[in-house]
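Please take a moment to turn the model below and to follow the chain from one end to the other before reading on.

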Amino acid sequence: MTEFIRHEFHVDDPDKTSTIRQDRPAPRPAMPGGGVLFVIGLEGCGKTAVAAHLASALGAPAHALPLDGADAALDAILAAGPAVVEVPHKLFAAEAFRQRLASSGRVLYLMASVEGIAARLAARPPHTPEDEPKLRERLGRQRSSYEPLFMQTLHLLAMADGPLDQVLADVLERVRQ
């Protein structure tokens with residue numbers, strides 16, 4: 001077990017003080033949205049598999065927001081109570097939508113490398129392995145556009161490049177903290 005080094009610092013500015021205690025965990029802020037977890041990320045990062053697994057593990061229904069009618073679908077999901085919701089990356093273009101997600105529940109960003117996603121997508125129909133370079137190029141552009149928006153919105157971050165079992169275990173641990 002790691003031993004923590006404890007130092008006491010004195011700061012004269014009353015606005016710059018805080019207390020950090022090692023004997024108990026920091027209080028977690030209340031989760032907005034009554035237990036709704038939004039899973040976000042680029043196409044092919046594993047949102048569908050992770051959302052389904054989380055929903056099962058947490059005993060909540062899984063939903064996928066549609067591109068058309070997302071606001072109405074989100075209203076219905078939020079009215080129903082706890083849920084795990086897969087959110088298409090294209091919905092993040094609207095700032096009002098991003099703000100609504102962030103204030104309505106916890107947002108989990110599944111971050112994966114462009115190379116890893118391209119390899120996954122190239123391995124499943126309608127793509128072929130020959131499509132991988134084009135997929136990498138397209139995903140690189142999408143990541144450049146959407147990742148800053150994901151980062152502004154997220155509450156939780158999980159790497160999604162590893163084997164699915166490992167990703168699922170890591171995500172579940174983060175969500176339960």
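The paragraphs that follow go from the overall fold to one helix, then to a strand, the salt bridges, a pocket and a few local features.

This is a predicted model, in which local features need pLDDT of at least 70 and side-chain atom pairs count only at pLDDT 80 or more, while totals for chains, interfaces and linings use all residues. Residues are numbered from 1 along each chain as its sequence is written, and side-chain values use heavy atoms, with hydrogens and water left out.

The protein chain has six helices and five strands, where helices (H or I, at least four residues) and strands (E, at least two) are DSSP runs numbered from the N terminus. Read from the N terminus on, the elements run β-α-β-α-β-α-β-α-α-β-α. Of the 177 residues in the protein chain, 34% are buried; here buried means under 20% relative accessible area, exposed means over 50%, and partly exposed lies in between, with a 1.4 Å probe and protein chains only. Among the contacts in the protein chain with a separation of 6 or more, 70% come from residues 24 or more positions apart, a contact being heavy atoms within 4.5 Å.

Helix 2 (residues 70–80) is a good place to look in detail, and its buried residues are Ala70, Leu74 and Ile77. Seen down the axis of helix 2, these buried residues fall within an arc of 65 degrees, so they line one face of the helix; the arc is that of the directions from the helix axis to the C-beta atoms. An α-helix has 3.6 residues a turn, so residues three or four places apart point the same way. The buried residues of helix 2 pack against strand 1 (36–40), strand 2 (62–64), strand 3 (83–86) and helix 3 (95–104), whereas the face turned away from the buried side carries the exposed residues Ala72, Ala79 and Ala80. Just after helix 2, Gly81 takes a positive phi of about 110 degrees.

Strand 3 contains Val84, which counts as buried at 1% relative accessibility. Leaving aside its neighbours within four places in sequence, Val84 is in contact with Leu37, Val39, Ala51, Leu54, Ala55, Leu58, Pro61, Ala62 and His63. With one of these partners, Leu37, Val84 has a C-alpha to C-alpha distance of 4.8 Å, although the two are 47 residues apart in sequence.

Side chains of opposite charge can pair when their charged atoms come close. With a salt bridge taken as a side-chain nitrogen of Lys or Arg within 4 Å of a carboxyl oxygen of Asp or Glu, the count comes to seven salt bridges. One of them joins the side chains of Glu43 and Arg138 (3.0 Å, N to O). Glu43 lies in the loop between strand 1 and helix 1 (47–58) and Arg138 in helix 5 (residues 132–153), so the pair ties together parts that are 95 residues apart in sequence. Asp71 forms a salt bridge with Arg100, the closest N and O atoms being 3.5 Å apart, and this pair links distant parts of the chain, with Asp71 in helix 2 and Arg100 in helix 3, 29 residues apart. Within helix 5, the side chains of Glu132 and Arg136 also meet in a salt bridge (3.3 Å, N to O), and being four residues apart, Glu132 and Arg136 are separated by about one helical turn. Salt bridges that share partners join Asp71, Asp75 and Arg100 into one network.

Glu43 also appears in the lining of the second largest pocket, together with Gly44, Cys45, Gly46, Lys47, Thr48, Leu67, Glu86, Pro88, His89, Lys90 and Arg124. On a 1 Å grid over the protein atoms alone, a pocket is an open set of points where a 1.4 Å probe fits, with protein on both sides within 12 Å along at least five of seven lines, and lining residues have an atom within 4 Å of a point. About 190 Å³ of space lies in this second largest pocket, and its lining residues divide into three nonpolar, four polar and five charged.

Two loops complete the tour. Ala94 is found in the loop between strand 3 and helix 3, and Ala94 and Leu149, 55 residues apart in sequence, are 9.6 Å apart in space, C-alpha to C-alpha. Pro126 is found in the loop between helix 4 (114–122) and helix 5, and a cis peptide bond with omega of about 10 degrees joins Pro125 and Pro126.

Methods
Grid points are joined across faces, edges and corners, and a volume is the space filled by probe spheres set on the points. Ala, Val, Leu, Ile, Met, Phe, Trp, Tyr, Cys and Pro count as nonpolar, Asp, Glu, Lys and Arg as charged, and the others, Gly among them, as polar.
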